[in-house]
Amino acid sequence: HYISGNRSYSEIDTDWNGTFDLFKYYETGKVRRKERDTNTDGRVDFWEYLDEKGAVIKTGKDNDGDGKMDVRDQ
């Protein structure tokens, strides 16, 4: 997905089951956040936030399946 010619969002099916399970969000051409559906229930349950160099600076996880972050690690 692009906004004004700049990539803003990507959807990827990493396990080839026909459903997107990895979502990447871009700022100024670089991935700044990744969201994953690790258990294939259709809801994001793992988040990674990246710095401008692409290093993970914090993560989050949904443990109870409600689609909301329960655990945050920095």
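Is R36 buried, partly exposed or exposed, and what is its relative accessible area? R36 is partly exposed, at 27%. Here are some friendly notes on the rest of this predicted model.

1. **Overall make-up.** The protein chain has eight strands and zero helices. Its pattern along the sequence is therefore strand after strand, β-β-β-β-β-β-β-β. The C-alpha trace spans about 35 × 30 × 20 Å along its principal axes.

2. **Burial and surface.** The protein chain has 74 residues, and 31% of them count as buried. About 5,200 Å² is exposed, with carbon and sulfur atoms supplying 46% of that area.

3. **Contacts along the sequence.** Take the contacts between residues at least 6 apart in sequence: 2% of these join residues at least 24 apart. That figure is a useful one to keep in mind when you look at the pairs below, among them R36 and E48, which sit twelve residues apart.

4. **Charges.** The protein chain carries 13 positive and 17 negative charges, and the mean positions of the two sets lie 7 Å apart. The count of salt bridges comes to three, and the next three points take them in turn.

5. **R36 with E48.** The side chains of R36 and E48 meet in a salt bridge, at 3.9 Å from N to O. This pair links distant parts of the chain, with R36 in strand β5 (residues 30–36) and E48 in strand β6 (residues 46–50). The partly exposed R36 thus faces a partner that counts as buried, since E48 has 14% relative accessibility and the cut-off for buried is under 20%.

6. **R33 with E35.** R33 forms a salt bridge with E35, and here the closest N and O atoms are 3.0 Å apart. R33 is partly exposed, with a relative accessible area of 24%. E35 counts as buried because its relative accessibility is 12%.

7. **R32 with E27.** For the salt bridge between R32 and E27, the closest N and O atoms are 4.0 Å apart. The cut-off is 4 Å, so you may like to look at this pair by eye in the model. R32 counts as partly exposed, at 24% relative accessibility. E27 also counts as partly exposed, at 47%.

8. **D13, a buried acid.** Where does D13 lie? D13 is in the loop between β3 (9–12) and β4 (22–27). This residue is buried and yet has no salt bridge. The nearest side chain of opposite charge belongs to R36 and is 11 Å away. What does turn up is a backbone partner: a polar atom of the D13 side chain lies 2.7 Å from the backbone nitrogen of G18. Leaving aside neighbours within four places in sequence, D13 is in contact with G18, T19, F20 and D21.

9. **E11 and its surroundings.** E11 lies in strand β3 and is partly exposed, with a relative accessible area of 31%. Two polar contacts involve its side chain. One, of 3.1 Å, joins the side chains of E11 and H1; another, of 3.4 Å, runs from the side chain of E11 to that of Y9. E11 and H1 are ten residues apart along the chain, and their C-alpha atoms are separated by 8.5 Å. Beyond neighbours within four places in sequence, E11 is in contact with H1, F20, L22 and F23.

10. **A residue in both lists.** F20 is worth a look, as it is among the contacts of D13 and also among those of E11.

11. **W16, a positive phi.** Which phi does W16 have? The value is positive, about 55°, although W16 is not a glycine. W16 sits in the loop between β3 and β4, which is also the loop that holds D13. W16 counts as exposed because its relative accessible area is 78%, and the cut-off for exposed is over 50%.

12. **T28, another positive phi.** T28 has a positive phi of about 50°, and T28 is not a glycine either. Its place is in the loop between β4 and β5. With a relative accessible area of 80%, T28 is exposed.

Definitions and conventions
Residues numbered from 1 in each chain as written. Predicted model: local features only at pLDDT ≥ 70, side-chain atom pairs only at ≥ 80, totals over all residues. Heavy atoms only, no water. Helix = DSSP H or I, 4+ residues; strand = E, 2+ residues; numbered from the N terminus. Buried < 20%, exposed > 50% of the residue type's maximum accessible area, 1.4 Å probe, protein only. Contact = heavy atoms within 4.5 Å. Areas by Shrake-Rupley, 256 points an atom, 1.4 Å probe, with all protein chains shown as cover. Lys, Arg positive; Asp, Glu negative; His and termini not counted. Charge placed at Lys NZ, Arg CZ, Asp CG, Glu CD. Polar contact = N/O pair within 3.5 Å; in protein donor to acceptor, adjacent residues only side chain to side chain.
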